[in-house]
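These are my notebook entries on what I looked up, beginning with the ligand and its surroundings and then turning to the packing of helices.

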Amino acid sequence: MDSPTLKQYAMNSGEGQHSYVKNSSYQRGVVDVAKSIIEEEIAKKLDKQVVSCMNSFCIADYGCSTGHNSFPVMKIITQAITKKISTEADSKNEFFVFFNDNVTNDFNTLFRSLSVLPEYNSYYNAVGLPGDFHNRLLPKSSLHFAYCAWSLHWLKEAPTTISNKGALLYSGNRKDQVYDAYLYQFSKDLGSFLDARAHELVNGGLMTLIIPTVPSFWDPQKEYTLTCDVNLVGSCIIDMAKKGIIDEAKVDAFNLPFYLATPEELKTIIDNNNNYSIERLEILNNPGMHTLPSVSARAAFFRAVMEKLIADQFGSEIIDELFDRYMKKLAASLILVNSDNNKTTITLIVLKRKVT
Ligand SMILES: C[S@@+](CC[C@H](N)C(=O)[O-])C[C@H]1O[C@@H](n2cnc3c(N)ncnc32)[C@H](O)[C@@H]1O
């Protein structure tokens, strides 16, 4: 299959030009795609002043979970900085890597897994950084490179000020009050993340964000996005409430804390924040979308992602039936069952902290 998957929405910083560039990497994962971009951006954009004025480098991964996807990326970043240093300065090769996630994250598993890797001690000093990444977590102007992947689409809380009876999320293709409330919450959350990192990053420090996104326009008669999958799970919860299996009042009181922005919305929020220049913004055409080939694999994936959230609200006893129903509905949907129709994208953004 040679249809392009990487639409490169390359932004020539300062000139505001956007261009789509074909790339034939159909099977590459997001980290593989991110690798070359991160290496290139560090080589080109990490300022000489940042490289030469510090004795040690601080890197942080925000929302690292138990680290399995984080470790390879932290290695890519430290190696790229080491390469850059060796061409621009001498002997500055001490790294501190901060692994952030919520306080309830399993940091024990993270450090146990890390301790058997060669990176541990040989590439960097690893530090756990528990806490909400919407708040400032590190000293002012202490961070040289920030990274955050697959985390910013989770909202701090779902909008509570809107009536959303009969649904658990905004509709993926309809712009209405519910959608506006979700966008408002997402803008607020991303804004506080950016503010917190602006305090922590040194002038000229870099930040890479990897965020699942949706295009501004897609055809709901033929196509779907991740939001539709989540809504399908929501519709099964509503069916179960109608049958009296779930308390309807609990459904009415519950919205899912999840929002998929468009790349244009991301750009607007970052521009409004005013602390960063956008060095690069690329839309990756969902490199992983064919890794869930069957209905049961997709149900297992969504179950893993959503189980705790749903069990906390409705009880764990409903989970088996819920995902059985989801599988049946998925199999019956001519559009959703075919992952070729998935229009979810991944947006990779490289930001530079402006000099203040
Ligand atoms: C889907 S996982 C992504 C894990 C990892 N970054 C990766 O690329 O595989 C999202 C992670 O973000 C974390 N997260 C979500 N909101 C957070 C917050 N406000 N502060 C810190 N971590 C958060 C979650 O706990 C979870 O571990």
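Before listing contacts I fixed the term: a polar contact is a pair of N or O atoms within 3.5 Å. I also kept in mind that this is a predicted model.

Entry one, the ligand. I looked up the shell and found 13 residues around the ligand, of which G63, N69, D101, D132 and A149 come nearest. Sorting the residues of that shell by character, I noted three nonpolar, eight polar and two charged.

Entry two, polar contacts. For D101, I read a distance of 2.5 Å between a polar side-chain atom and an oxygen atom of the ligand. For G63, the atom concerned is a backbone N or O, which lies 2.7 Å from a nitrogen atom of the ligand. For H134, I noted that an N or O atom in the side chain is 3.4 Å from a nitrogen atom of the ligand. I then looked up the burial of the ligand, which taken alone exposes 600 Å², and found that the protein buries 78% of that.

Entry three, helix packing. I described each pair by the angle between the axes and the distance between the axes. Helix α6 (residues 177–200) packs with helix α9 (residues 263–273) at an angle of about 45 degrees, and their axes are 10 Å apart. I therefore entered α6 as oblique to α9, and recorded that α6 passes α9 in a right-handed crossing.

Entry four, a further pair. Helix α7 (residues 226–242) and helix α11 (residues 319–332) have axes 9 Å apart and pack at an angle of about 120 degrees, so I wrote down α7 and α11 as oblique to each other. The crossing of α7 and α11 is right-handed.

Note on methods. Residues numbered from 1 in each chain as written. Predicted model: local features only at pLDDT ≥ 70, side-chain atom pairs only at ≥ 80, totals over all residues. Heavy atoms only, no water. Near = heavy atom within 4 Å. Polar contact = N/O pair within 3.5 Å; in protein donor to acceptor, adjacent residues only side chain to side chain. Areas by Shrake-Rupley, 256 points an atom, 1.4 Å probe, with all protein chains shown as cover. Nonpolar A, V, L, I, M, F, W, Y, C, P; charged D, E, K, R; others polar. Axes fitted to C-alpha atoms, helices over the stretch in contact; angles between N-to-C directions. Helix = DSSP H or I, 4+ residues; strand = E, 2+ residues; numbered from the N terminus. Parallel < 35°, antiparallel > 145°, perpendicular 65-115°, else oblique. Left-handed = near helix turned anticlockwise from the far one by under 90°.
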